[in-house]
Structure formats: structure tokens, C-alpha cells
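Thanks for coming. I have one structure to show today, and I will begin with the cysteines before moving to the chain as a whole.

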Amino acid sequence: MSSARRLLAASVISVQNSCFIYPACQSCLSRLILDSRRFNCLKCGCTGEAEDASYRYRLALKIADTNDLFDITVFGSCLDPFFGITAGNLQRCIQDFNHLSGETNKAESPGELIQAVETCFIGKRFIFGV
């Protein structure tokens, strides 16, 4: 397998996940384990206060070019322009929305956000660096 980076022009067929943000380790970018007060990174051992956890975008997509279907995951701040906000600020908005609406599943994105992401991405053509 070649390690050379390539560009792929493809259209988004579907959004594969409903949670677009995850708590990320600032050292290794792995998903953090959060409890009510603390976070822990299983990969590098980093720990801290839960309210100090940083967040990162993770958007899993099914895409198609003229010949093939692909599953691709887009990470990080390259998604800031599409969401119009950093992942950390969007996480705070989701928490506030869930608190005001009485939602009990704090990890789940509001249905309106899921619909907006689908509208923004599905059927659109993008150039992906793979």
C-alpha cells in the first residue's frame, strides 16, 4: 500500500454517525473517557478535570466517486467552516440545548443538528485528501 497522499473528488451519499464531536486528548487526539468530574486517555495516560476536556470533530461519511463507494472519516478543525463554530463551542451549545430541552442522552446530538449536517453534506461534492 502506498503512503502517498492523494486527492479524491467524491459526493457524499450519507452521514454514518449522529455524534459529530468527541472529547479528545490534547496530546494524542484519542477519545477520552469522561466521568462526571475527570477525564482519562487510555492511549497516553493523560488525565484532568472533565470541564477542561477539549473536543474535536469526527464526521463519518459514505462517499462515491464515478466508480466506487468509500467509507471515510473527516477529523478536526477542517470542519470548523462547515459548522461555523469550533467543536468545543458546538459541544457547549449541544449541552445547553440538551439541558434546556430535558434530554437525558447527553452524548447524542439534537435531531435538528443531525438534519442540518445531512442537508449540508449529502449530495454535495467535495475533494478529500486521503
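Which cysteine sulfur is closest to the sulfur of Cys 25, and how far away is it? Keep in mind that this is a predicted model. The closest cysteine sulfur belongs to Cys 44, at 3.5 Å. A disulfide needs the two sulfur atoms within 2.5 Å, so Cys 25 and Cys 44 are too far apart for a bond. Cys 41 is in no disulfide either. For Cys 41 the nearest cysteine sulfur is that of Cys 28, and the distance is 3.5 Å. By the distance rule, the count of disulfides comes to zero.

Are these cysteines buried or exposed? Cys 25 has a relative accessible area of 1%, so the residue counts as buried. Cys 41 is buried as well, at 1% relative accessibility.

Next, Thr 47. This residue sits in strand β5, which covers residues 47-49. Its relative accessible area is 46%, so Thr 47 is classed as partly exposed. From Thr 47 to Cys 25 the C-alpha distance is 8.8 Å, with their positions 22 residues apart in sequence. What does Thr 47 touch, once neighbours within four places in sequence are left aside? The contacts are Arg 38, Phe 39 and Asn 40.

Now the whole chain. There are eight strands and three helices. Read from the N terminus, the order is β-β-β-β-β-β-β-α-α-α-β. In other words, the three helices come in a row, after seven strands and ahead of a final one. Along the principal axes, the C-alpha atoms fill a box of roughly 50 × 35 × 20 Å.

The protein chain has 130 residues, and 35% of them are buried. If we take contacts between residues at least 6 apart in sequence, 57% join residues at least 24 apart. The exposed surface is about 8300 Å², and carbon and sulfur atoms supply 53% of that area. On charge, there are 13 positive and 13 negative side chains. The centres of the two sets lie 7 Å apart.

Last, the annotation. An unreviewed UniProt entry gives "domain: Replication factor A C-terminal" for residues 9-95. Over residues 9-95 the chain is 45% strand and 15% helix. The C-alpha atoms at the two ends of that stretch are 35 Å apart.

That is all I have; comments are welcome.

Definitions and conventions
Residues numbered from 1 in each chain as written. Predicted model: local features only at pLDDT ≥ 70, side-chain atom pairs only at ≥ 80, totals over all residues. Heavy atoms only, no water. Helix = DSSP H or I, 4+ residues; strand = E, 2+ residues; numbered from the N terminus. Buried < 20%, exposed > 50% of the residue type's maximum accessible area, 1.4 Å probe, protein only. Contact = heavy atoms within 4.5 Å. Areas by Shrake-Rupley, 256 points an atom, 1.4 Å probe, with all protein chains shown as cover. Lys, Arg positive; Asp, Glu negative; His and termini not counted. Charge placed at Lys NZ, Arg CZ, Asp CG, Glu CD. UniProt positions renumbered as here; feature names shortened; annotations may be inferred.
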